[in-house]
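This report goes through a single protein chain, from its surface and overall form to its charged side chains. The sequence and the structure come next.

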Amino acid sequence: MDIRFKFFQRLVATPYLLALLGLLLPLFNVSCAERVIAEPTFYEIANGIDLEQTLKEPALGYVKKMEAGNPKAIDKFKETMPDFPRVQPFYVLYGIVAALVLAAFFALIAPFGYYASLGSLALGMMSMFALWAFLSQMGRICGAMGMNVLSVEPGTGIYCASALILIGTAMNLACIVRPIVDEVRAKRAAKKK
């Protein structure tokens, strides 16, 4: 096997590990009347957010006014978020981190077995789909709070992580397809002789 291809196989883990760093960027943006009021990162969401520290003005001022002058509105929020103004941790998101770490691990051992490349490919794609499904769920949570003026849009973190996962997927596919192509070429060359 070509030494350059072996080196390439070793590099397949890199995009998955870099995707973990991409999650340090804002995962999504919460906007109110086209004004961004929060940009939480993946890790902040996973560990729980205190809205009084995360929200930007003017939204923070509105929340404080509601707490003082309209406790029934706060009770409405507490139906969806019992610890309001603190958003409960989403520890389940660390499953995505685990999937990316496993995808990188399987990519590292892929030169020793075909199934490791398939495992890496599957875990990478599942982690990306889970990220986008979570983003969709956050939009539903804002809608369930009765805050129709809030919109949740993808942030740079989810785009960065998704792009890196797709790069890892393409590299994995190349590692899967290359030996098959080499085998077909060798069979054709043997038939010509």
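## Surface and overall form

The accessible surface of the chain amounts to about 11,100 Å², and carbon and sulfur atoms hold 65% of that area. The model is a predicted one, and each value in this report was computed from it. Of the 193 residues in the chain, 39% count as buried.

The radius of gyration of the chain is 23 Å, whereas a compact globule of 193 residues would have one near 16 Å. The extents of the C-alpha trace along its principal axes are about 90 × 25 × 20 Å.

Contacts give a further view of the chain. Among those with a separation of 6 or more, 69% join residues that lie 24 or more positions apart.

## Secondary structure

How many helices and strands does the chain have? There are nine helices and five strands. In sequence order they give the pattern α-α-β-β-α-β-α-α-α-β-α-α-β-α. Helix 9 covers residues 156-192, and both pairs described below lie in helix 9.

## Charges and salt bridges

The chain carries 19 positive and 14 negative charges, and the mean positions of the two sets are 17 Å apart. The count of salt bridges, taken with a cut-off of 4 Å between a side-chain nitrogen of Lys or Arg and a carboxyl oxygen of Asp or Glu, comes to two.

| Salt bridge | N to O distance |
|---|---|
| R178 and D182 | 3.2 Å |
| K187 and E183 | 3.5 Å |

Why are R178 and D182 separated by about one helical turn? The reason is that R178 and D182 are four residues apart in helix 9. Their side chains meet at 3.2 Å, N to O. R178 has a relative accessible area of 31% and is therefore partly exposed, as partly exposed residues lie between the limits of 20% and 50%. D182 is also partly exposed, at 32% relative accessibility.

K187 and E183 are likewise four residues apart in helix 9, so about one helical turn separates them. The side chains of K187 and E183 meet at 3.5 Å, N to O. Is E183 buried or partly exposed? With a relative accessibility of 46%, E183 counts as partly exposed.

In short, each of the two pairs has its partners four residues apart in helix 9.

Notes
Residues numbered from 1 in each chain as written. Predicted model: local features only at pLDDT ≥ 70, side-chain atom pairs only at ≥ 80, totals over all residues. Heavy atoms only, no water. Rg over C-alpha atoms; globule rule 2.2 N^0.38 Å. Buried < 20%, exposed > 50% of the residue type's maximum accessible area, 1.4 Å probe, protein only. Contact = heavy atoms within 4.5 Å. Areas by Shrake-Rupley, 256 points an atom, 1.4 Å probe, with all protein chains shown as cover. Lys, Arg positive; Asp, Glu negative; His and termini not counted. Charge placed at Lys NZ, Arg CZ, Asp CG, Glu CD.
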